[in-house]
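Hi,

Here is the structure I said I would pass on. Have a look at it first, and then read on for what turned up.

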Amino acid sequence: MNLEILQNELNKTIRNVPDFPKPGIQFKDITTLLNNAKVFNMLMEFLEERYKKIDLDFVAGIESRGFIFGAALATRLNAGFVPIRKKGKLPFTSVVEKYALEYGFDEIEIHVDAFGDMQNAKVLLIDDLIATGGTAEAGIKLINSIGGNCIEACFLLRLLDFDAVDKIKRYTKVFTILDI
Ligand code: AMP
């Protein structure tokens with residue numbers, strides 16, 4: 001699968017919604033990619049190709065759009081899927097990480113036993129988009145705090161208005177498909 005062709009298809013299928021959820025935000029809507037069977041499959045084939053050599057143990061997806069791509073990729077790679085959720089949603093004992101938003105803060109969680117008994121599990125973090133990188137940074141800290149080894153963080157989209165990738169590179173490798 002050719003990266004340039006995929007980038008072009010993502011560009012065509014991801015919809016920009018101005019002023020959502022509040023004025024000034026250019027929201028990148030991936031539902032118009034998901035309902036396109038050809039492009040969704042093209043994307044998953046590309047990610048499978050990239051990650052099948054690494055022998056991952058788990059794919060961890062960030063709520064909620066990271067669940068869609070993460071779970072689809074995990075089954076293709078024969079890896080487990082681990083959800084990283086907003087605070088208060090996970091039923092079992094969890095570890096929490098707080099991170100800054102533009103105004104205020106948010107918190108995400110992971111189950112303490114998300115990687116079972118495995119020590120140093122090889123984990124890929126995935127989300128649809130990286131903006132400030134706050135969510136991803138918290139996700140990586142959670143993975144590592146319960147004994148996992150976050151070997152890469154993968155995003156479909158990177159917003160170049162924010163200088164996030166350098167922040168994340170302190171913790172792990174970063175791979176983004178389309179930079180806009
Ligand atoms: P950040 O922590 O600033 O990197 O924000 C990343 C998280 O917020 C991801 O889970 C994204 O899905 C979501 N997000 C941030 N900005 C946007 C945007 N412009 N369009 C769609 N989702 C966004």
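Let me start with a charged cluster: Arg50, Glu152 and Lys173 are joined in a network of salt bridges. Bear in mind as you read that this is a predicted model. Within that network, arginine 50 pairs with glutamate 152, and their closest N and O atoms are 2.9 Å apart. The arginine sits in helix α3 (residues 37-51) and the glutamate in strand β8 (residues 149-158), so this bridge ties together parts that are 102 residues apart in sequence. Arginine 50 is partly exposed at 28% relative accessibility, whereas glutamate 152 is buried at 3%.

The structure has eleven salt bridges in total, and two others deserve a look. Glutamate 137 bridges to arginine 170, with 3.5 Å between the closest N and O atoms. This one also links distant parts of the chain: glutamate 137 belongs to helix α5, while arginine 170 is in the loop between α6 (165-169) and β9 (173-179), 33 residues apart. Here glutamate 137 is buried, with 14% relative accessibility, and arginine 170 is exposed, with 59%.

The other is a local affair. Lysine 12 forms a salt bridge with glutamate 9, the closest N and O atoms again being 3.5 Å apart. Both are in helix α1 (residues 3-13), and because they are three residues apart there, about one helical turn separates them. Lysine 12 is exposed at 57%, but glutamate 9 is buried at 12%.

Now for the inside. The largest nonpolar core contains 28 residues, and Leu43, Leu47 and Tyr51 have the most contacts within it. Elements contributing two or more residues to this core are α1, α3, α4 (65-77), β7, β8 and β9. Helix α3 provides the largest share, seven residues. As a general point, nonpolar side chains in soluble globular proteins tend to be buried together.

While you are in α3, find methionine 42, which is part of that helix. Its relative accessibility is 13%, so methionine 42 counts as buried. Methionine 42 and leucine 6 are 36 residues apart in sequence, yet their C-alpha atoms are 7.1 Å apart in space.

What about the largest pocket: which element gives most to its lining? That is α5, whose six residues make up the largest share. The pocket has a volume of about 1300 Å³ and is lined by 39 residues, with Leu101, Leu129, Ala131, Thr132 and Thr135 lying nearest its centre. Two or more lining residues come from each of β2 (26-29), β5 (94-100), β7 (122-130) and α5 (134-145). By type, the lining divides into 18 nonpolar, seven polar and 14 charged residues.

Next, the cysteines. How many disulfides does the structure hold? Zero. The closest cysteine sulfur to that of cysteine 150 is in cysteine 154, and at 11 Å it is too far away for a bond; the cut-off for a disulfide is 2.5 Å. Seen from the other side, cysteine 154 is in no disulfide either, its nearest cysteine sulfur being that of cysteine 150. Cysteine 150 is buried at 4% relative accessibility, and cysteine 154 is buried at 0%.

Finally, some backbone details to check by eye. The peptide bond from phenylalanine 20 to proline 21 is cis, with omega near -5 degrees. Proline 21 falls in the loop between β1 (15-18) and β2. A second cis peptide bond runs from glutamate 63 to serine 64, also with omega near -5 degrees; serine 64 is in the loop between β3 (58-62) and α4.

Two non-glycine residues have positive phi values. Aspartate 19 has phi near 60 degrees; this residue is in the loop between β1 and β2 and is partly exposed at 46%. Asparagine 78 has a phi of about 60 degrees and is placed in the loop between α4 and β4 (80-86). With a relative accessible area of 73%, asparagine 78 is exposed.

Cheers

Methods. Residues numbered from 1 in each chain as written. Predicted model: local features only at pLDDT ≥ 70, side-chain atom pairs only at ≥ 80, totals over all residues. Heavy atoms only, no water. Buried < 20%, exposed > 50% of the residue type's maximum accessible area, 1.4 Å probe, protein only. 1 Å grid on protein atoms, 1.4 Å probe; cavity = no way out; pocket = protein on both sides within 12 Å on 5 of 7 lines; lining within 4 Å. Points joined across faces, edges and corners; volume = space filled by probe spheres on them. Helix = DSSP H or I, 4+ residues; strand = E, 2+ residues; numbered from the N terminus. Nonpolar A, V, L, I, M, F, W, Y, C, P; charged D, E, K, R; others polar. Salt bridge = Lys/Arg side-chain N within 4 Å of Asp/Glu carboxyl O. Core = buried A, V, L, I, M, F, W, Y, C linked by side-chain atoms within 4.5 Å.
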